[in-house]
Amino acid sequence: MAFEALSGLMLPVSQNDRTFVIGDYFAVFDDDTDIPEVYEWKSVIGYAETSDSFEVDFEREKYMIPKNAFIDNMQIIHFRTIVEGMLSGVKGVQIRIRDRIIPPKFNYSNADLSTSVFTATGIYAEKEINTGSVSHIYSKLKFPIWLIAALTAVGSFLAMWGIGRDLDKNYIFYLVIAFFIGLGTGIVIYLIMCIFARYRYSGFLKRDVSTVENIVFIVAPDGFGAIEQCIYCGKELIPWSFAKYYYETKHSISIVCRDKSVCCIPKHLFQKNEQNDLAEYIAARVAQD
Amino acid sequence: MKTNVSIESLKGSAGEFILASVTSSDSIIGICDTSVKSGVCRKTMYAGSESLVNIQYRENNLESNRVIWQTSSIDKARGILGTKLVKSCENYFSGAAPLTKAILPVLELLSDGLYVIHVGKVYPTDGAGNFFWDSYTVKHEIMGSAPYNPLIGAGKCFSPPFLVPTQSFSGYTEVAVGAAAEKLVSGKKLGGIALHLTGMFSALLEGHINAAACIANNYDFNCIIIEPLNKVIYGEPGGVDENKIVALSCPFVKISFSDISRKMLENFFINRSVTIPRDYDEIKWKADKMLSNGVLSRKVSSMIDRNVEGYPDAEMMASAFAINDLSDNDLNTLLSGSTTDDEGNVVISQNYYESITYAVNYLQLKDKRRFIEFAGAILKNPDLSAAYGYVANRLKYIMDAKVNEIFKFISESEDQNYNSLKSIAEKYSQLYSDYTEGTVKRFLNTNVIAGQPQTSQQSSLAGLGGLTGGRSAADALIDFAAERRGAQVQSRGGDPSLSSLELSKQVNK
């Protein structure tokens, strides 16, 4: 469990005449009765966040909480932090959540933050997310992209040879053109990736309420984290053992977790001299991609 | 923001209690998590920014005893607490205010949540026969501190009987204890206020000197016990609500959802078990320190040491809590050497000597008369000689004419089974004769000083209390007279101390 110190949340949902009280337990008051249905988090079998609602499934009952029942973004973050914090460590839960700009709260566990080395607070800038996304995708697709580019170059060379036929005479010429065609293909794919990254960012803007929130970034001996300031308790971190690798761009350092979520730490929030130390500190704990 | 406290008076299986809901509080007094190692939980009871008591245990282990130790003194938080605790305690025990009114200022200091408040008798010990005040300065595992005790089981309710001090032992002075003892003798009621921590243990917030005075003078020490209502329980197995959470519980009581107002229930569910007080960082930092006593050479009075010996330990309490009721028939069954009654029901346990031990513990705490009679019957039953030592050692702390008779019988008996008990019996006889002499003198002195006969309430407070209930000087005199009558009857061949109980017939058979 994590985020246990975060205060509970009472959420009246007029659509289904119920009041949900989310805390150490999941309690549901029907508006016509004073006796609640109460569940322990360990009995949850499914949890999902869709674009317009949250769903919490128990064996006996499934509850749907529409996002328009929340007063503001902060309440949505509060809700999902309690739920995900309580579900961390609960085994056998089917989880369906959409991509988030920061790692979901399942990954966190209680930790000692008294010796935090690097802490900063700020809002993500678009370029940090974009460059991070591009860098992340590029690191994953580097080989296929340049394989396609090389194959395109070879293909265009063979095509030119087939059409022009005069290989001995135009050998150099065909080779140069084929190289540029391959290079061009690679660049085009890269540009498409940039467009995709921008599209992904605008997707985050639409889907993930955390995008516009102040985020607290922490890097400490026990782990790291990026937590919305409105729910930050100073007691939780993602352990280093949960980090898979990291990659660094001009604007950010991104730590990729085992569940494929990414903790992107913007460099501009740290002093110039701290930026190098931060990179070295992370490098000492996680492998670089 | 001003703290809101709403109160309801309710009645449970263990007696009357108050259910209080605290909201919008500043959490001046509470329990917070100060864990530093993963897998090891440490909870800290604090007041203001002072960390007072630490409770440490392995994560997700409800059955293991907790390591409990003091880290600081509540005196250091007097600035923020003011005189609220002192006044609440005085107002209630002097009768100036009912519990609901007297406890209100204290409830305002607590962190948000639901609380059960009741008044109960507590033993100022660490549950292992040591005076409570100087027993928690060294980290060690405390017997009976596990939240779940398999001996008691999940279905039983009990009032937490043991105390953990929050004041440094340097606050103990003979002068202060003497002054409190004078109040006791003059008929004033003294008590304390305690906040339940874990298992059978509560932290004494107020009344350390009163506890010492009560124990030194063999009076019962009563406390206003505040128990956070923080657990949920499922419906009865096999019932309609078997897999449903249907009630809230704390050691003292289980309250069904239907008995709690919706507002209070909402308050329960919205509050988290982990709270972060305003001065969390300072509390956590202080929680790493140990309490430096500074007065280790100081010792409690010999009376406290002596009287503490007779107090029940955690195991005894657990076995007593485990039993709902013991009828005379049940006791007769045990004395006849069986563990099952005529209908085939197990009286206490399949293990015979465990049953005897539990029965002795239960009776000692709940019914002194029957305890003496049952113990006497055991000691006179040659088939139960294996239990003689245990029973005699429990019996020796009770100053009573009938107990004196039993020990006199042992002293005079030539039965070899009693050889190991002879020294206990002789010591007891000596103590008993000192006790009766002292009690009569004190009784007479009190009346002479007062110049007029005392009221029954005063006289009951003026006497020396036994383990299983305060004994008045008048009682002692009556017992003394009974003892003499008994001696006369015995000289004619009778056995008045045991004749009232049917089970003694069983023994005689």
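Which residue is the bridge partner of Glu49(A) in β8(A)? In this predicted model, the bridge partner of Glu49(A) is Ile97(A), a residue of β8(A). The pairing belongs to a wider arrangement, since strand β5 of chain A, which spans residues 44-49, runs alongside β8(A) in the parallel sense, and the two are joined over 4 bridges. As a general point, the strands of a sheet pair through backbone hydrogen bonds, and this pairing may be either parallel or antiparallel.

The sheet that contains these strands is open and has 4 strands, arranged in the order β7-β6-β5-β8 in chain A, and its pairing is mixed. Its edges are formed by β7 (62-66) and β8 (94-97) of chain A, each of which pairs on one side only. When direction is ignored, neighbouring strands of this sheet are turned against each other by 10° on average. Helix α1 of chain A, made up of residues 73-87, packs on the sheet and touches both β5 and β6 (53-58) of chain A, while the direction of the helix makes about 145° with that of β5(A).

At the level of domains, the assignment for chain A gives domain 1 (9-97), domain 2 (118-123 + 213-283) and domain 3 (126-209). The C-alpha centres of domain 1 of chain A and domain 3 of chain A lie 45 Å apart.

The backbone of chain A was also examined for unusual phi values. In general, most residues other than glycine have a negative phi. Phe3(A), although not a glycine, has a positive phi of about 55°, and this residue is found in the segment before β1 (9-13) of chain A. Phe3(A) counts as buried because it has 24 C-beta neighbours inside 10 Å, where 20 or more are required. Asp17(A), likewise a residue other than glycine, has a positive phi near 50° and is located in the loop between β1 and β2 (18-22) of chain A. Asp17(A) has 11 other C-beta atoms within 10 Å and is therefore exposed, the limit for that class being 12 or fewer.

Turning to the contacts between chains, 17 residues of chain B are in contact with 19 residues of chain A. On the side of chain B that touches chain A, the element that gives the most is helix α7 of chain B (residues 262-270), which supplies 5 residues. The residues on this side of chain B, sorted by character, comprise 9 that are nonpolar, 5 that are polar and 3 that are charged.

Methods:
Residues are numbered from 1 along each chain as its sequence is written. Chains are lettered from A and ligands numbered from 1 in the order in which they are written. This is a predicted model: local features need pLDDT of at least 70, side-chain atom pairs count only at pLDDT 80 or more; totals for chains, interfaces and linings use all residues. Domain bounds come from an automatic or database domain assignment. Two residues are in contact if their C-beta atoms, placed from the backbone, lie within 7 Å. Ala, Val, Leu, Ile, Met, Phe, Trp, Tyr, Cys and Pro count as nonpolar, Asp, Glu, Lys and Arg as charged, and the others, Gly among them, as polar. Two strands pair if DSSP finds at least two bridges between them. Axes are lines fitted to C-alpha atoms, for helices over the stretch in contact, and angles run from 0 to 180 degrees between N-to-C directions.
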